[in-house]
Amino acid sequence: MILISSCMAGLATRYDGNDAYVPALDQLVRAGKAVLACPEQLGGLPTPRPPAEIVGGDGYDVLDGKARVIDANGRDVTAAFLKGAEQTLKLARAVGAKQAVLKENSPSCGSSFIYDGTFRGEKQSGAGVTTALLERNGIQVISEAELAHLFPEGSI
Ligand code: SF4
């Protein structure tokens with residue numbers, strides 16, 4: 001079983017109330033091979049919600065108390081992001097997921113890139129909060145850009 005970001009299966013869970021649909025991931029869900037989670041909703045945040053960025057580091061730093069997640073209104077939403085990460089890990093464990101395909105660039109779901117905390121649209125290398133927690137607990141996280149490595153064409 002694979003864990004995937006809800007927004008990539010077509011659910012309108014993004015901060016702006018839209019989805020980020022990736023047809024191949026929807027296929028996985030329909031085949032009964034994937035479960036969905038939106039860490040930010042699981043953390044109790046509403047949809048739509050102000051965009052948020054990690055300030056002072058990446059998701060690993062948030063887990064270690066060295067960085068915070070701040071939304072575009074200046075509100076500290078770190079606790080909600082941590083709760084969402086924990087709930088997502090709980091779900092992954094419940095279904096025995098050892099791999100996850102999560103949305104790149106998100107402060108929760110990014111695996112290679114996240115926004116840099118300045119709200120200027122600039123990205124930096126780093127993982128989101130949920131990705132960091134999953135990886136610390138032995139779950140491999142890749143992004144939609146790496147999907148072909150996990151599922152060569154025709155294997156879904
Ligand atoms: Fe998608 Fe993850 Fe953002 Fe939820 S938290 S909308 S699953 S990228």
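**Loop between S5 and S6**

I began with Asn105, which I found in the loop between strand S5 (99-102) and strand S6 (113-115) of what is a predicted model. Its phi is near 80°, a positive value in a residue other than glycine. I noted for comparison that most residues other than glycine have a negative phi. I then asked whether Asn105 is buried or exposed. At 18% relative accessibility Asn105 counts as buried, because the cut-off for that word is under 20%.

**Loop between S6 and S7**

I next looked up Phe119, which is placed in the loop between S6 and strand S7 (123-125). Phe119 is not a glycine either, and yet its phi is positive, at about 60°. Its relative accessibility is 34%, and on that value Phe119 counts as partly exposed.

**Largest pocket**

I turned to the largest pocket, for which I read a volume of about 540 Å³. Which residues lie nearest its centre? They are Tyr15, Glu40, Asn105, Ser106 and Pro107, out of a lining of 32 residues, and so I met Asn105 again in this list. Sorted by class, this lining holds 16 nonpolar, seven polar and nine charged residues. I also looked for the elements that contribute to the lining, and noted that helix H2 (39-42) and strand S3 (52-55) each supply at least two of its residues.

**Ligand**

What does the ligand occupy? I found that the space it takes is the largest pocket. There are 14 residues around the ligand, and those that come nearest are Cys7, Thr13, Cys38, Glu40 and Cys109. I recorded the make-up of this shell as five nonpolar, five polar and four charged residues.

**Between H2 and S3**

I checked the loop between H2 and S3, where Pro48 lies. The peptide bond that joins Thr47 and Pro48 is cis, with omega at about -5°. I set this beside the general rule that most peptide bonds are trans.

**Helix H1**

In helix H1 (residues 23-30) I listed the buried residues as Leu25, Asp26 and Leu28. Why do they lie on the same side of H1? They cover an arc of only 155° around the axis, and this puts them on the same side of the helix. Just after H1, I noted that Gly32 takes a positive phi of about 75°.

**Helix H5**

Helix H5 (residues 129-136) gave me a mostly covered element, with six of its eight residues buried. I wrote these down as Val129, Thr130, Thr131, Ala132, Leu133 and Leu134. After H5 comes Gly138, whose phi is positive, near 85°.

**Strand S4 and the loop after it**

I looked up Asp71 and found it in strand S4. Asp71 is buried, with a relative accessible area of 4%. Its C-alpha atom is separated by 9.8 Å from that of Val55, a residue 16 places away along the chain.

Where is Val77? I located Val77 in the loop between strand S4 (68-71) and helix H4 (78-95). Val77 is buried, with a relative accessible area of 4%. I also took the separation of the C-alpha atoms of Val77 and Gly43, which is 9.6 Å for two residues that are 34 residues apart along the chain.

Notes. Residues are numbered from 1 along each chain as its sequence is written. This is a predicted model: local features need pLDDT of at least 70, side-chain atom pairs count only at pLDDT 80 or more; totals for chains, interfaces and linings use all residues. Side-chain values use heavy atoms; hydrogens and water are left out. On a 1 Å grid over the protein atoms alone, a cavity is a set of points where a 1.4 Å probe fits but cannot get out, and a pocket is an open set with protein on both sides within 12 Å along at least five of seven lines; lining residues have an atom within 4 Å of a point. Grid points are joined across faces, edges and corners, and a volume is the space filled by probe spheres set on the points. Helices (H or I, at least four residues) and strands (E, at least two) are DSSP runs, numbered from the N terminus. Ala, Val, Leu, Ile, Met, Phe, Trp, Tyr, Cys and Pro count as nonpolar, Asp, Glu, Lys and Arg as charged, and the others, Gly among them, as polar. A residue is near a molecule or strand if one of its heavy atoms lies within 4 Å of it. A molecule sits in a cavity or pocket if more than half of its atoms lie within 2 Å of its grid points. Buried means under 20% relative accessible area, exposed over 50%, partly exposed in between (1.4 Å probe, protein chains only). The arc is that of the directions from the helix axis to the C-beta atoms.
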